[in-house]
Amino acid sequence: MNKGKLIVFSAPSGSGKTTIVKHLLGQEDLNLEFSISAASRAPRGEEVHGKDYYFISLEEFKKHIKAEDFLEWEEVYRDNFYGTLKSEIERIWALGKNVIFDIDVVGGLRIKHKFPEETLAVFVKPPSVDELKRRLKQRSTESEDKINMRIAKASVELATAPQFDVIIKNYDLEVALEEAHQLVKDFISK
Ligand code: 5GP
């Protein structure tokens, strides 16, 4: 199979990485297709099965782990499992496209280690933990408890930033979008 490139975007929840990834997916020159992860959590808001995630039960998720169907998987939050199915990457490469991931820092670094040459690993840095808190509250799709769980994790995640190929500071969204586009463009044309 002809391998495309792998573009990983990782960051603490609320950093704006999903907004950046969605923007890049709309740029035809980048020839990107979104890696739809499997997740054991319930859909939030407008999320759609087979578009945002493959929403599966915890039991089904564990079956896939046993069968070694995942390229990487992670219990990102307690009882909330997320993972990239090997079949997903094969699906996208078969389309002749580059893969873009919106995944947590551990999963992102795992992909980088598995495919060091093909992967561009980007860390999206929020202005501050306080700003993260504000953004998560504004999103208001989750309970206070869940928001606190995400914030507690953010400090640990921020410490992994230096292990990525590049850090994008998302202080001004327009600037971050432009920078992300240029970075990916340069990487895929190598
Ligand atoms: P959310 O519940 O906000 O959609 O995602 C929670 C976290 O799990 C985010 O950091 C998200 O990027 C991450 N995530 C989503 N898919 C995957 C995946 O396939 N693997 C890993 N390791 N993390 C993922």
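Two strands are taken to pair if DSSP finds at least two bridges between them, and the views below, all drawn from a predicted model, use the word in that sense.

**View 1. The open five-stranded sheet.** This sheet is open, with its five strands in the order 2-7-1-8-9 and with parallel pairing. Strand 2 and strand 9 (166-169) stand at the edges with a single partner strand each, so one side of either strand is left without a neighbour in the sheet. From one strand to the next the twist averages 25°. Four bridges join strand 8 (residues 119-125) to strand 9, and these two strands run parallel; within this pair, Val 122 of strand 8 stands opposite Val 166 in strand 9. Helix 4 (residues 105-114) packs on the sheet, where it touches strand 1 (6-10), strand 7 (98-102) and strand 8, and the direction of the helix makes about 155° with that of strand 1.

**View 2. The open four-stranded sheet.** Here four strands form an open sheet in the order 4-3-6-5, and their pairing is mixed. The edges are occupied by strand 4 (53-55) and strand 5 (70-77), each of which has a single partner strand, so that one side of each is left without a neighbour in the sheet. The twist averages 25° from one strand to the next. Strand 3 (residues 37-39) and strand 4 run parallel and are joined by three bridges, and Ser 37 stands opposite Tyr 53 in strand 4. Helix 3 (residues 86-94) packs on this sheet, touching strand 4, strand 5 and strand 6 (80-85), with a direction that makes about 40° with that of strand 6.

**View 3. The surroundings of the ligand.** There are 17 residues around the ligand, of which Ser 37, Tyr 53, Glu 72, Tyr 82 and Asp 104 come nearest; Ser 37 and Tyr 53 are also the residues that stand opposite each other in View 2. Oxygen atoms of the ligand take part in several polar contacts: a polar side-chain atom of Arg 41 lies 2.7 Å from one such oxygen, an N or O atom in the side chain of Arg 44 is 3.3 Å from a ligand oxygen, and a polar backbone atom of Gly 83 is 3.2 Å from a ligand oxygen. On its own the ligand has 510 Å² of accessible area, and the protein covers 96% of this.

**View 4. A salt bridge between distant parts of the chain.** Side chains of opposite charge can pair when their charged atoms come close. The structure holds 13 salt bridges, and one of them is formed by the side chains of Asp 29 and Lys 185, with an N to O distance of 3.8 Å. Asp 29 lies in the loop between helix 1 (17-25) and strand 2 (32-34), whereas Lys 185 belongs to helix 7 (residues 173-188), and the two residues of this pair, which links distant parts of the chain, are 156 residues apart.

Conventions: Residues numbered from 1 in each chain as written. Predicted model: local features only at pLDDT ≥ 70, side-chain atom pairs only at ≥ 80, totals over all residues. Heavy atoms only, no water. Axes fitted to C-alpha atoms, helices over the stretch in contact; angles between N-to-C directions. Contact = heavy atoms within 4.5 Å. Near = heavy atom within 4 Å. Polar contact = N/O pair within 3.5 Å; in protein donor to acceptor, adjacent residues only side chain to side chain. Areas by Shrake-Rupley, 256 points an atom, 1.4 Å probe, with all protein chains shown as cover. Salt bridge = Lys/Arg side-chain N within 4 Å of Asp/Glu carboxyl O.
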